[in-house]
Each structure stands twice: as structure tokens, then as C-alpha cells.
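Biologist: I would like to go through this model with you and ask, for each label we attach to it, what justifies that label.

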Amino acid sequence: MSKEKILALLSILPLCVLFVAFIIVPLAWIVFGSFYVEDEGYSFQNFTTLLESKFYIQSIVNSLKISLISSILGLFIGTMASYSLFVLSPKKISHFLLSLNTMISNFSGVPLAFAFIIVLGSNGVLNIFLKSVEIEPFISIYGELGINIVYVYFQIPLAILLLFPAFKSLENSHFESCKMLGGGTSLYWLKIALPLLAPALLGVFVILFANAFGAYATIYALSSGNFNVLPVRIASLIAGDITLDPYLASALSVILTLIMLLITLIANFISKKYNFKAF
């Protein structure tokens with residue numbers, strides 16, 4: 001083995017150690033722990049308990065609904081915004097907006113929840129204004145609609161950050177060639193632009209779904225743990241004073257992981273099939 005390869009292996013060794021220590025080992029512990037029941041040993045009892053409980057089923061359904069809605073809307077708005085920035089580039093306004101978006105993409109968790117409470121909370125700026133003009137507030141930041149709004153908000157900057165580079169694959173020559181051959185704008189987007197962007201769109205959708213599906217701090221800060229979603233239920237089983245059960249939490253974590261794996265596999269399958277047809 002050459003010195004270059006030995007140095008390359010040594011350079012990547014710390015990453016491998018960290019990956020094993022903080023990804024593989026905890027994941028293995030969670031998987032084995034999900035099958036363990038205290039005072040009974042290993043069985044499928046934890047999964048049976050979860051699948052028979054309407055409360056835990058509701059948490060899975062709520063997580064899926066919020067993740068799907070926020071991912072689809074975030075992807076749609078992010079795609080429109082990314083295209084607008086692509087058209088504006090390389091002007092200074094484009095660089096400024098991209099820098100601003102990068103900063104906003106890191107604004108999440110408790111600070112984001114607090115910001116929305118200030119604006120849309122029961123005593124928020126908008127609701128106080130509506131009451132002052134004798135209009136009943138129509139959005140509750142603590143309900144499902146309000147939580148969806150918050151999720152969509154923190155999905156958009158991430159979608160823009162990930163999608164903007166993909167638009168560089170679109171060249172003016174593609175559109176000009178389409179026009180020369182008699183095609184219009186709609187034909188260009190359906191037959192050329194979208195097939196080129198499809199793998200990126202699917203990949204970003206999976207990332208947005210994972211981002212929403214595993215989000216904990218924002219929704220906990222908004223609802224104080226009262227909104228029933230998977231991350232909140234897992235946290236309550238790990239750190240709760242009454243329902244402390246780390247093994248049941250492990251089973252919920254495995255279900256969360258399997259759902260994410262299924263979404264990723266479906267997206268990869270669609271992407272490969274789509275690429276095959278398109279190219």
C-alpha cells in the first residue's frame with residue numbers, strides 16, 4: 001500500500017471512530033433495547049404496546065401529517081424562491097438574499113418558537129392588533145394550523161439553500177433550443193427543466209421530511225409537550241417523571257427510523273426510475 005493511501009486512511013480514521021461511537025453503537029443499543037421488556041426479557045411486547053395504543057398511533061400520524069405538509073409546501077415555495085434567486089444572479093441583490101437565507105436557515109428551535117409566540121401567540125402583536133380593530137384572531141400558534149405554519153417557515157430556508165445550486169444545471173441554451181424547435185415555456189419546464197431538477201427535488205424532499213419528522217425543540221417550546229408527535233413522545237419516555245420507559249422509547253425510535261428509511265427508499269426508487277425514463 002502506498003504512503004498516500006496510508007495517509008488517506010489515517011486521515012479518515014477519526015471520522016470512522018466518531019461514526020461508530022455516536023451513530024452505530026447508539027443505533028445498535030436502541031434496536032436491542034426496543035425488544036427488551038423490564039422483568040420479562042426480550043420480546044415484541046414494546047411494539048405490540050405501541051401498535052395497540054391509539055395515543056402512540058396518533059403521534060405517528062400527526063408526525064407524518066406535519067412532515068408531509070411542511071415538506072411539500074416548503075419544497076414548492078423553496079423551488080420558486082430558488083428559481084427567482086437564480087434568475088437574479090449574479091447581481092448583488094442575489095448574493096445578499098442568499099446570505100440572508102443562510103442566516104435564517106440557522107434560526108430554528110426555541111428562538112424560532114419564541115419569535116412566533118411574540119407575533120402570533122395569544123397576546124402576540126398580530127392578535128392584539130386584530131382584537132383592537134374588533135376582529136377575532138383566526139390563527140392559533142398552539143394549534144395544528146399554527147404549528148404547520150412554523151414548520152413550513154423553517155423548511156423554506158433549508159429548501160432554498162439546497163435547491164439553489166441545482167438550478168445551475170439549467171442553461172439558457174436549453175430554453176433557446178426549445179424555442180427554436182417550436183416549444184413554449186410550459187413545454188420547456190415539463191420536458192427539460194423538471195427532468196433535470198427531479199433528482200434534486202426528490203433529494204431535498206427527503207431531507208425536509210427528515211428535518212420535520214425529527215424536530216423536537218420548536219414544537220415542544222410551542223406546545224409545552226402537549227402536541228402529540230413522535231419526538232415529543234420519545235422525549236417524555238426518556239426524561240418523563242411519570243411515564244419513564246427507555247425501552248418503549250427505543251421501540252418508538254426504531255419506528256421513526258424505519259419510516260424515514262422507507263421514505264428514503266421510495267424516493268431513491270422513483271429517482272432512478274425517473275432518470276432512466278428522462279435520459
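Modeller: Let us begin with a term we shall need at once: pLDDT is the predictor's confidence in each residue, on a scale from 0 to 100. This is a predicted model, and the mean pLDDT of the protein chain is 85, with 95% of its residues reaching 70 or more.

Biologist: Which elements have the lowest and the highest mean pLDDT?

Modeller: Among the elements of the protein chain, helix α8, residues 172-180, has the lowest mean pLDDT, 72, whereas α3 has the highest, 92. Where pLDDT is low, the predicted coordinates should not be read in detail.

Biologist: How many helices and strands are there in the protein chain, and in what order do the elements run?

Modeller: The protein chain has 12 helices and two strands, and from the N terminus on the order is α-β-β-α-α-α-α-α-α-α-α-α-α-α. Its C-alpha atoms fill a box of roughly 75 × 75 × 35 Å along the principal axes, and of its 279 residues 36% count as buried.

Biologist: Why is T218 called buried?

Modeller: The label buried applies under 20% relative accessible area, and T218, at 5% relative accessibility, therefore counts as buried. T218 is found in helix α10, residues 217-223, and, leaving aside residues up to four places away in sequence, T218 touches S108, G109, A113, V150 and F154.

Biologist: What makes S59 a buried residue, and which residues does S59 touch?

Modeller: The relative accessible area of S59 is 0%, so S59 is buried by the cut-off of under 20%. S59 is found in helix α3, and, not counting residues up to four places away in sequence, S59 touches N228, V229, L230 and R233.

Biologist: I77 also lies in helix α3; why is I77 called partly exposed?

Modeller: Partly exposed covers the range between the buried limit of 20% and the exposed limit of 50%, and because I77 has 36% relative accessibility, I77 counts as partly exposed. Apart from residues up to four places away in sequence, I77 touches V152 and I156, while the C-alpha atoms of I77 and V20, 57 residues apart along the chain, are separated by 37 Å.

Biologist: And what makes E171 partly exposed?

Modeller: The reasoning runs along similar lines: E171 has a relative accessible area of 45%, so E171 is partly exposed, given that exposed would require over 50%. E171 is found in the loop between α7, residues 144-163, and α8, and its C-alpha atom is separated by 9.4 Å from that of A193, 22 residues apart along the chain.

Biologist: How do you know that α11 is mostly covered?

Modeller: Seven of the 10 residues of α11 are buried, namely L230, P231, V232, R233, I234, S236 and L237.

Biologist: What makes a set of residues a nonpolar core, and which residues have the most contacts inside the largest one?

Modeller: The members must be buried nonpolar residues of the listed kinds, joined through side-chain atoms within 4.5 Å. The largest such core has 21 residues, and those with the most contacts inside it are L50, F213, L252 and I259. Two or more residues each come from α2 (45-52), α3, α9, α11 (230-239) and α12 (246-278), and the largest share, 11 residues, comes from α12. Not counting residues up to four places away in sequence, L252 touches L50, Y56, L230, R233, I234 and L237. A second, separate core of 17 residues includes L112, I141, I147 and V232.

Biologist: Why is a space in this model called a cavity, and which residues line the largest one?

Modeller: A cavity is a set of points where a 1.4 Å probe fits but cannot get out, and the structure holds one cavity of 30 Å³ or more. About 30 Å³ of space lies in the largest cavity, which is lined by S63, I66, Y151, A212, F213, A215, V229 and P231. At least two residues of this lining are supplied by each of α3 (54-88) and α9 (185-213).

Biologist: How does the lining of the largest cavity divide into nonpolar, polar and charged residues?

Modeller: The lining has seven nonpolar residues, one polar and no charged; Ala, Val, Ile, Phe, Tyr and Pro are among the kinds that count as nonpolar.

Notes: Residues are numbered from 1 along each chain as its sequence is written. This is a predicted model: local features need pLDDT of at least 70, side-chain atom pairs count only at pLDDT 80 or more; totals for chains, interfaces and linings use all residues. Side-chain values use heavy atoms; hydrogens and water are left out. On a 1 Å grid over the protein atoms alone, a cavity is a set of points where a 1.4 Å probe fits but cannot get out, and a pocket is an open set with protein on both sides within 12 Å along at least five of seven lines; lining residues have an atom within 4 Å of a point. Grid points are joined across faces, edges and corners, and a volume is the space filled by probe spheres set on the points. Helices (H or I, at least four residues) and strands (E, at least two) are DSSP runs, numbered from the N terminus. Buried means under 20% relative accessible area, exposed over 50%, partly exposed in between (1.4 Å probe, protein chains only). Contact means heavy atoms within 4.5 Å.
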